[in-house]
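Please open the model in your viewer and keep the selection tool at hand, since this tour moves from one selection to the next.

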Amino acid sequence: MPSFHSITHQAALDELKSGGQKGLPSGEAARRLLEHGYNELKEAPKKGLLAMFFEQFTDLLVVILIIAAVISGFLGEWIDAGAIIAIVILNAVVGLVQDYRAEKALDALKKMVAPTARVVRDGVEKRIAARELVPGDVIILEAGDQVPADCRLLESMSLQLSEATLTGESAPVGKDAEAVFKEKTAVADRDNSVFLGTIVTRGIGRAVVTATGMRTEFGKIASQVQAVEEELTPLQQKLEVVGKRLAQASLAIVAVVFVVGVARGFPLVDMFLTSVSLAVAAVPEGLPAIVTITLALGVQRMAGRNAIMRKLRAVETLGSADVIATDKTGTLTRNEMTVRKLFFSGAELDVTGTGYALNGGFQTSGQKFDTGDDGFIQFLRAGALCTSARLESSGHGVANVIGDPTEGALLVLGEKAGVGKDGELRQYKRVYELPFESERKMMSTIHAHGSKRYAFVKGAPETVLDHADRILTGGKVRKMTLADKKLLLAKNNEFASKALRVLAVAYREVPKAAKYSDKQVEQKLIFLGIVGMIDPPREEVKSAIALCKTAGIRVVMVTGDNPLTAGAIARELGLPVGLKPWTGLELDELADKEFEETVLANNVFARVSPEHKLRIVGALKKHGHVVAMTGDGVNDAPALKKADIGIAMGITGTDVTKEASDMVLADDNFASIVNAVREGRIIYDNIVKSIYYLLTCNVGEIIAIFVATLLGWPMPLLPIQILWMNLVTDGLPALALGMDPEEPGVMDRQPRSRNEEILSPSNGAYLLAIGSIIAIGTLGLFAFELFVDHSSLEKARSMAFSTIIFFQFFHALNSRSRTSSLFSIGVFKNKLLWLAIFAGIVLQVLITQTSILEAVFKVEPLSLLEWGTVIAVSSSVFVIYELWKYFKRRGTVG
C-alpha cells in the first residue's frame, strides 16, 4: 500500500476503495470493522479475576493471620484454624466482588465519555463512536475537533491543526489537501494529512481515513502513552491518610491488648490470634472499593440525568461549588431559534411561523411584504449560504436542523420565501470558507457565480457595520452614511432589548484566488440587513436558578451575545442584573483590582471573549470561590481547565472543550448542571455515611476488646467471631449506605467547604461517642451474664457476639442521617440496606442456633428471652442517637 501523503487525494480514495463524497456503504464499513478491528489503542492487559482474588491476600495483616491460623492447626486447634481460613477466604471473595464491581463501573464510565466522529456513510452525514471508524471512511473536521484516526485530506479551508501531542510542534500547522509530498517526508511535514489525537484549531476539512488503532502514527508509539496511573480523587487521598492513621492507632492499641493479655496469663497463641483478628477488623480495608463503587454508580445515575462526568474528582467538587458561570444560548435558553424580525431597506418586517416549520410569511405594517424583490432575495440568499448547517425534512412541513440552531433559523427563513440553500448552492458554488471565530465575530463563505465570485458575510451587527462602507437600499447600492449606521445600531438595540438575538448580513464581490483571508474578504462590505431571532428561555431554568439561590450557589451569565439580549433573558429568569450587564470592552478598561471587584459584584457579562471567561474564572477562584464554568468553543478550553469544574456542551461543544472538561452536558441544559450539583451532594453525603458507619463500628470493637483486656476479663470475643463480625457488618451495609436515597433539604444548605476534614474534632467525638455506646452495651451484657447471672463463658460470649453485631445493624439505620430522624426520611426507603441487615440477622441466627456451626464459632444457642435482651440492649444506640438528633434540632444540644 502506498504512502498516502505521496499521492493525490483522488488516488487515495481509489486505493482505499472509498465511496468518495458519499462515503462507504454501511455494509462495507461493517465488513472492514471485522477485518481491521476497532479504532482504539491497545490497553495494558488488565488483571484477571484470579490475580484480583490472590491480591486480596497480600495485605500484611491478612498474611499474619493466615500464618497464625496455620500455627494453631499444628498445635491441634484444627477447627479454629479451618474456620479462620474459611472466613479469610470469604472476606477475599467479598473483596474480589467489590473490586470487580468498581472496575466494571469505571469501565462503564469510560464508555460514557468515548469520543465520536462525524462520518459520511451511504451519502448521509452522521455521528458515530470514533472506535467504529475504518480505513476508507470519509470524515468531516472543523475547529475544536480531535482527529479520530490518521487521514489523507480531501478538502481543506483555512485548516490548521495543533500537532503538539504527536510531533512536539507548539505552533498550529497549516494544512493543504492539494499538496503531494515525497514518500520519505517526515510526519511533521506531511501537510496533506492529519493524525489521530491532534486538534483542529481553525477551519474546516474533509478527509479519508487511512489508518486506525495501532496502525496510526500514535499507535506506533502507544507504549509511551499507556503508562497512565489512575488518579485518586481528593476524598480518596484523604481516606488513604485517614486509613494509615487509623491503622497506626489500631496497631498500637492491639499491641497493648496483646501485651496486657499475655501479662495477665492468657495463652500466647490465643492472644496473638485475637490481636491480629482485631487489627484486621479495625482497619476498614473495603472502604476504598466502597467509595469507588459509590462514586462510579453515582456517576451512572448522573448520566441518566444528562450530566456525564469525565472525572470522578469532579463529583466531589460539585458538592463544594458556590458559583456557576454559564453561557446563555442553548444552556439557559432552548437553542431553538426562530426569526421574528427583519430590518431591510429601511423597513421593519415581521416574520410569521414557529420553530423550524417551513410555513410562514413576511409582513410590514400589517401588510404582506413582496418577497420577489431582488435585493430581498439577495439578503435571504446571503443568510442561507453563509452557513454550515443544513435542513432535513422530518415530514409535515417541519425541518430538522443538522448543525448550529442559529444557522438553522436562517435556512428556515430562506425557505419561507423560496430561497433554499441546496438550490442556491447549485447557482452559487461554495469555493472557500472563513469559519466563525469569537475574536472576529463573523463568518464568511465565498461562492462562484458565473465568472464572478461573491463573499457572503454574517456576524454581530456592530462588527459587520464596522467592516461595511456601502448599503443596499431601495434596490440600489450606495455609500453608507453616519445616519445609516445610527439607524441600524438603534434598530439592533431595539431588537436586542426585546430579547432577540441579532445578526447582520452583508456581501461583496471578491477577486478569484486559491485562498482567502479575513483581511482580504471582510472589508468594504455591502450591508444587506438585520435579522432578529428569538431563543426563548428553557421553562425549567427559572426554578433551577431559584434552587441555586436556596443552595447558596451564585449564578453568573457569561455570554458572547448582545448586552441588551443578555439583560432581558437574565431578568426573565430572575437573575439579578444590576444597573446593566457589563461588556467585554468595558471589562478591558478596568485595572486588575477593579476587574475583580466588578466580577464579584455582578452577575451578567455580555459580548465576552474566551479570554474574558478565563479572567473571570481566575478572579472568582482568587477570592476563594469554587467555580463551575460552561463552554462550547475551542477557545473556551483554557477557562474550562482553570475552573474547578469545567462543563462542556454535549450537543454544541467541540472535542477540545469536552477533552478539557470535567463534565459534559448531554442536553446543554442549565437545569442539568443543577441536577448534577444535587447528585454530587447526595453522592458525597452517602460516601461520608459509609465512612462513619465503618469507623464507628470499628472503634466500638476496639474499645470493647481493649477495656476487657485492661480489666482482666476473659476475651468477650474470639478471633473467629471478630473476623465473622467484620465480614457480616462491614461490606453490604456500608455499600447500601453508599446508595442511600436523597435526604430532605440537600439543596437547602450552603455548599460544603472543599477543605472539610473527614476526621475533624467534632467528627472524632462522634466516633468515640457511638463507639463507646456499642462497647459499653456489649461489655455490660457480657459482664452481667458472666459475673451476675453466672452463665458459662461461652454463653456470655454468645450474648456479646450477637449484641455487638446487632448494635452495628441498628447503627447502620442511624447512619442514614446525622440530623433527621429515620422516621422522617422514610424507615424503609433504603431497601438495599434492609436486605443487607436481614441477610446478616439470618446468618447470625443460623450460626448461634445451628449445632454444627455452634462448635465452629464456639457459641451456645440463645433463648427467645435472650434474643429479646440482645435486641433491647443493641437498640439503645438507635434510641440514644434519635434522642440526640431530636434535641439538636430543637437547639438544646450542640
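**First stop: the largest cavity**

In this predicted model, begin by selecting Thr116, Ala117, Arg118, Arg127, Ile140, Leu141, Asp145, Gln146, Pro148 and Asp655, which together line the largest cavity. Two elements each give two or more residues to this lining, namely strand E1 (116–121) and strand E3 (138–142), and of the elements it is E1 that gives the most, with three residues. If you colour the lining by residue class, you will find four nonpolar, two polar and four charged residues. The volume enclosed here is about 50 Å³, and the structure as a whole holds four cavities of 30 Å³ or more.

**Second stop: a pair of helices**

Next, select helix H27 (residues 719–738) together with helix H29 (residues 793–814), whose axes come within 10 Å and cross at roughly 10°. Because angles under 35 degrees count as roughly parallel, H27 and H29 are therefore described as roughly parallel to each other.

To see where the two helices meet, show the side chains of Gln721, Trp724, Met725, Val728, Thr729, Pro733 and Leu737 on H27, and then those of Arg797, Phe801, Ile804, Ile805, Gln808, Phe809 and Ala812 on H29, since these residues make the contact. What classes do the residues of this contact divide into? The contact of H27 with H29 comprises 10 nonpolar, three polar and one charged residue.

Terms used
Residues are numbered from 1 along each chain as its sequence is written. This is a predicted model: local features need pLDDT of at least 70, side-chain atom pairs count only at pLDDT 80 or more; totals for chains, interfaces and linings use all residues. Side-chain values use heavy atoms; hydrogens and water are left out. On a 1 Å grid over the protein atoms alone, a cavity is a set of points where a 1.4 Å probe fits but cannot get out, and a pocket is an open set with protein on both sides within 12 Å along at least five of seven lines; lining residues have an atom within 4 Å of a point. Grid points are joined across faces, edges and corners, and a volume is the space filled by probe spheres set on the points. Helices (H or I, at least four residues) and strands (E, at least two) are DSSP runs, numbered from the N terminus. Ala, Val, Leu, Ile, Met, Phe, Trp, Tyr, Cys and Pro count as nonpolar, Asp, Glu, Lys and Arg as charged, and the others, Gly among them, as polar. Axes are lines fitted to C-alpha atoms, for helices over the stretch in contact, and angles run from 0 to 180 degrees between N-to-C directions. Angles under 35 degrees count as roughly parallel, over 145 as roughly antiparallel, 65 to 115 as roughly perpendicular and the rest as oblique. Contact means heavy atoms within 4.5 Å.
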